[in-house]
Amino acid sequence: MNDSLTARAADVFLAAFGQPATIRVQAPGRVNLIGEHTDYNGGLVLPCAIGYRTVIVARPRTDRRMRVVAADYDDAIDEYALDAPIERLAAPMWANYVRGVVHELLQREPGGQGLRGMDMVIAGDVPQGAGLSSSASLSVAVCTLFSALPDYPGLGPIEAALVAQRAENDFVGCKCGNMDQISSACGVQDHALLIDCRSLEVSPVPIPAGAAIMIVESHITRGLVDSAYNTRRAQCEEAARHFSVPALRDVDLAMLAEKGGELDPVTLRRARHVISENERVVAAAQAMAAGDLERMGELMAASHASMRDDFEITVPAIDRLVDIIKGAIGPAGGVRMTGGGFGGCVVALVPEELVEPARQALTRDYRAPNGAQATVHVCRAAAGAGRL
């Protein structure tokens, strides 16, 4: 836990509102070890929460007014009333994630009974635009905050995750799946989470002893709402309709071989990625539970190739990052792009003793198109959202 983050938020709160905060909550970002673009297809994913988080400090008000300060955006403030229609803003985007969750919570109960106005300050250290779910971290933190109110019926972790997802889908306008929010809400220390995005079953899977999680920022910023994410989702839905099933989760490779040739070539490739990725997630959970990093490396390599060739969401700089790290770690671990695609981060699961050789290789061999070096974070799997 980053205590300085909480202290900074508390200092901004005192300066902005003249009295100390009484509630402190946090929600982590996440990194997905394997299982990309499977979540909104009803499939399987294997992420973990990470030690980068959004912290909110707050104080309930006696009225129905919201005053929200963003410590990371020059203490910008967004003000509105719970009794008036909550509208999406053209800018700033951060305010819409908070507004979206508040809007969803108001819809849950007639008149939003139990919701009170709030003075709140938000601070975070999840790298933004890097595919580590800074937006889900913020949305889940807002859910966690309102759940901490004594006169509001608390949300369970899965319930909070689904509220946060609906806020992103329906208010912000990004048709994301539920993996990011579930990872943030349900994280388990030193474990990945095997998540069935249809049944919402969550099964902790231990990270192998002696393994480090490396997250490497490419410094190619990506944006889900403005990227081709929604296009990929529509292509997957088209493929599911072709097979007369609710989602690609219900198609296996044998069905794809039998009837996939009737799809147009692009839609076929999109479907093949999702269907094969679901199978890789199952195998990866088994490899992790057995402590088999070499097998995990094979599966992560296959996942990256599928994202590059079939789903077409990598970019040359990301492919270069993967090649550099793989060259440094060999068969002893795995590396792949993580996140929605078109930039962002790669994730590697490597023996701790190979972290430094991988870091040195990146320093020597990688430069982003703007000349920046890669930024390396070495993480542990973290616990999920909660009060501080």
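**Entry 1: the second largest pocket**

I began with the second largest pocket, for which I noted a volume of about 150 Å³. The model is a predicted one, and I read every value below with that in mind. I then listed the lining of this pocket: Asp190, Ile207, Pro208, Gly210, Ala211, Ala212, Ile213, Glu352, Val378, Cys379, Arg380 and Ala381. Strand 8 (211–217) and strand 11 (375–379) are the elements that give two or more residues to this lining. The largest share, three residues, comes from strand 8. By class, I recorded eight nonpolar residues, one polar residue and three charged residues in the lining.

**Entry 2: Asp190, a residue of the lining**

I looked up Asp190 separately, as it is one of the residues that line the second largest pocket. I located Asp190 in the loop between helix 5 (179–186) and strand 6 (191–196). Its phi is positive, at about 65 degrees, although Asp190 is not a glycine. Is Asp190 buried, exposed or partly exposed? Its relative accessibility is 31%, so I entered Asp190 as partly exposed.

**Entry 3: helix 11**

I next turned to helix 11 (residues 355–365), where I found Val355, Ala358, Ala361 and Leu362 buried. Viewed down the axis of helix 11, these buried residues fall within an arc of 130 degrees, so they line one face of the helix. I then asked which elements the buried residues of helix 11 pack against. The partners are strand 8, helix 10 (316–329), strand 10 (345–351) and strand 11. Two of these names had already come up in my first entry, since strand 8 and strand 11 each give two or more residues to the lining of the second largest pocket.

**Entry 4: helix 6**

I checked the length of helix 6 (residues 229–242) against expectation. Its 14 residues should span 20 Å at 1.5 Å a residue, and the end C-alpha atoms are 20 Å apart, which agrees. The buried residues I listed for helix 6 are Tyr229, Arg232, Arg233, Gln235, Cys236, Ala239 and Ala240. Down the axis of helix 6, they fall within an arc of 160 degrees, so they line one face of the helix. They pack against helix 8 (265–289). Just after helix 6, I noted that Ser244 takes a positive phi of about 55 degrees.

**Entry 5: helix 4**

I made the corresponding check on helix 4 (residues 157–172). This helix has 16 residues and reaches 21 Å from its first C-alpha to its last, close to the 22 Å expected at 1.5 Å a residue. I found Ala160, Ala161, Val163, Ala164, Gln165, Ala167, Glu168, Asn169, Phe171 and Val172 buried in helix 4. Helix 2, helix 3 and helix 5 are included in what covers these buried residues. Just after helix 4, Gly173 takes a positive phi of about 105 degrees.

**Entry 6: two buried residues**

I looked up Val142, which is found in helix 3 (residues 134–147). Its relative accessibility is 0%, so Val142 counts as buried. What does Val142 touch, not counting residues up to four places away in sequence? I recorded Ile56, Val98, Val101 and Met120. I also noted a pairing across the sequence: Val142 and Ala27 are 115 residues apart along the chain, while their C-alpha atoms are 8.7 Å apart in space.

I then took Thr38, which is found in the loop between strand 1 (23–34) and strand 2 (44–60). Although Thr38 is placed in a loop, its relative accessibility is 0%, so I entered it as buried. Leaving aside neighbours within four places in sequence, Thr38 is in contact with Gly43, Leu44, Val45, Val274, Glu277 and Asn278. Val274, Glu277 and Asn278 among these contacts carry numbers that fall in helix 8 (265–289).

**Entry 7: backbone details**

I searched for backbone features in the loops on either side of strand 4 (76–81). Asp75 is found in the loop between strand 3 (65–70) and strand 4. Its phi is near 60 degrees, a positive value in a residue other than glycine. With a relative accessible area of 40%, Asp75 is partly exposed.

Pro92 is found in the loop between strand 4 and helix 2 (93–108). Which residues does the cis peptide bond join? I found that it joins Ala91 and Pro92, with omega at about 0 degrees.

Technical notes
Residues are numbered from 1 along each chain as its sequence is written. This is a predicted model: local features need pLDDT of at least 70, side-chain atom pairs count only at pLDDT 80 or more; totals for chains, interfaces and linings use all residues. Side-chain values use heavy atoms; hydrogens and water are left out. On a 1 Å grid over the protein atoms alone, a cavity is a set of points where a 1.4 Å probe fits but cannot get out, and a pocket is an open set with protein on both sides within 12 Å along at least five of seven lines; lining residues have an atom within 4 Å of a point. Grid points are joined across faces, edges and corners, and a volume is the space filled by probe spheres set on the points. Helices (H or I, at least four residues) and strands (E, at least two) are DSSP runs, numbered from the N terminus. Ala, Val, Leu, Ile, Met, Phe, Trp, Tyr, Cys and Pro count as nonpolar, Asp, Glu, Lys and Arg as charged, and the others, Gly among them, as polar. Buried means under 20% relative accessible area, exposed over 50%, partly exposed in between (1.4 Å probe, protein chains only). The arc is that of the directions from the helix axis to the C-beta atoms. Contact means heavy atoms within 4.5 Å. The expected span of a helix is 1.5 Å times one less than its number of residues.
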